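Good morning, and thank you for the time at this meeting. I would like to introduce a structure that is new to many of you.

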Amino acid sequence: MFEKNLDWTIQLFAVVIITVVIGLADYAAGASPSKGAHKAQSTSGKTPAVEHPMKTPKMYSKVKRCGNCGMMINMWARTRHVCKHPEGDFTSCSIHCVADKEKNSGQPVSDVHVALYLHPDKMIPADQAAYVIGSKAKGTMTMRSKIAFGNKAQAEQFAVTYGGVVTDFAGALKAAAMELPTAAPMIDQRRKRTGKIKAVTKDTVCVVCNMKVANYPGHDCQILQQDNSSIHFCSTHCLIHYLNEPGQYVKNPKTVKMTWAKVFPTGDYESAIGLYYVVGSKRLGPMGREAFPFRSKKAADALVLKEGGNIVHFKGLTLQMVSNQ
């Protein structure tokens with residue numbers, strides 16, 4: 001009898017420990033991101049019967065690309081956000097990219113509007129929306145989806161069927177910010193696994209200068225074309241020259257799908273669109289004057305302070321900024 005009671009006690013203790021661990025894991029991942037958050041257990045294993053991303057979407061947004069990661073806004077329209085930022089109006093594919101923009105710029109967004117997940121034609125002020133975190137709905141730039149509804153009752157009804165935690169915009173943004181460190185390597189691995197970023201070999205050459213790209217691992221860039229072929233460059237210097245006149249370097253250039261640049265000085269690829277570029281500094285790259293890409297404005301400011309130059313966004317880069325003359 002004593003042994004049976006002991007076994008039962010051990011089993012009960014194990015259940016308690018597992019429950020506590022799961023609860024702590026949910027909290028660390030943002031499952032309880034704000035006061036008043038409501039968690040609902042899924043009553044079904046099915047996923048929402050909606051297409052996300054949308055393969056042939058209509059024009060939900062006049063802004064075509066996410067200002068942070070470069071993804072097509074209309075494909076990911078169900079999770080798009082539009083807001084004000086000290087650097088200018090900002091449209092993103094997800095709340096992940098809103099959080100990333102705040103982190104990298106060091107400045108908060110304001111006047112945020114969000115698309116309703118089930119009705120992406122409609123956008124409402126984010127502080128009036130209710131978010132469901134971690135449901136069976138597909139996420140955007142994260143494994144734990146964060147989707148918006150018109151009110152708390154709608155969010156709770158969705159969560160009853162598809163699981164997740166119901167919270168407000170502040171809670172969802174906090175959860176997205178907490179996940180940024182773990183999301184970055186996951187996103188990088190997925191981009192490489194799906195072929196969006198191609199590995200550089202010893203024979204890969206820059207289409208502008210014909211130098212071996214592998215010889216400059218901290219500076220290389222690449223473009224993913226609409227047909228999923230890639231074009232490689234030894235540096236931002238050559239990337240900018242190509243973008244200025246693609247037909248000079250490639251026969252029948254295709255539409256650009258994504259542009260990747262190596263973040264300085266870490267050397268990891270990131271979407272060229274959302275980076276901060278230091279131009280006109282004393283530092284030189286493989287082809288002379290270069291635009292040095294940084295993920296954070298603070299890091300870009302540090303290089304300017306040390307070696308001079310100015311900070312510009314991707315759309316502001318010009319040939320004159322990387323000219324050696």
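I will take the cores, the aromatic rings and one serine in turn. Please keep in mind that this is a predicted model.

Let me begin with the nonpolar cores. The largest of them has 24 residues, and the members that touch the most others are C206, F233, Y242, Y277, A291 and L317. Four elements each give two or more residues to this core: β9 (221-225), β10 (230-233), α5 (236-244) and β13 (276-279). The element that gives the most is α5, with four residues. Apart from this core lies another, of 21 residues, and A99, V112, A129 and I133 are among them.

Which residues does Y277 contact, once neighbours within four places in sequence are left aside? They are A261, A272, A291, F292, P293, N310, I311, V312, H313, F314 and L317. Two of these partners, A291 and L317, have already been named among the core members that touch the most others.

I turn now to the aromatic rings. The count of aromatic pairs comes to 10. One of them joins F233 and Y242, with ring centres 5.3 Å apart and planes at 55 degrees; tilted pairs run from 30 to 60 degrees, so this pair is tilted. F233 has a relative accessibility of 0% and Y242 a relative accessible area of 2%; both values are under 20%, and therefore F233 and Y242 count as buried. Y242 also pairs with Y249, again in a tilted arrangement, at 6.4 Å centre to centre and 40 degrees between the planes. Y249, however, is partly exposed, because its relative accessible area of 22% falls between the limits of 20% and 50%.

Elsewhere, one aromatic cluster is formed by Y117, F149, F158 and Y162. Over the face of Y117 lies R78, 5.8 Å from the ring centre. A further charge over a ring is that of K262, which lies over the face of Y269 at 4.7 Å from the ring centre.

Finally, I come to the serine. Where is S145 placed? It is in the loop between β6 (130-133) and β7 (146-149). Is S145 buried or exposed? Its relative accessible area is 0%, which is under 20%, so S145 is buried. The side chain of S145 reaches the backbone oxygen of A137 at 2.9 Å. Beyond four places in sequence, S145 touches V132, I133, G134, S135, A137, K138 and G139. Of these, I133 was named earlier as a member of the core of 21 residues.

Notes
Residues are numbered from 1 along each chain as its sequence is written. This is a predicted model: local features need pLDDT of at least 70, side-chain atom pairs count only at pLDDT 80 or more; totals for chains, interfaces and linings use all residues. Side-chain values use heavy atoms; hydrogens and water are left out. Buried means under 20% relative accessible area, exposed over 50%, partly exposed in between (1.4 Å probe, protein chains only). A polar contact is a pair of N or O atoms within 3.5 Å; within protein, one must be able to donate a hydrogen and the other to accept it, and residues adjacent in sequence count only if both atoms are side-chain atoms. Contact means heavy atoms within 4.5 Å. Rings of Phe, Tyr and Trp (its six-membered ring) pair if their centres lie within 6.5 Å; planes under 30 degrees apart count as stacked, over 60 as edge-to-face and the rest as tilted. A charge sits over a ring if NZ of Lys or CZ of Arg is within 6 Å of the ring centre and within 35 degrees of the ring normal. A nonpolar core is a set of buried Ala, Val, Leu, Ile, Met, Phe, Trp, Tyr and Cys residues joined through side-chain atoms within 4.5 Å.
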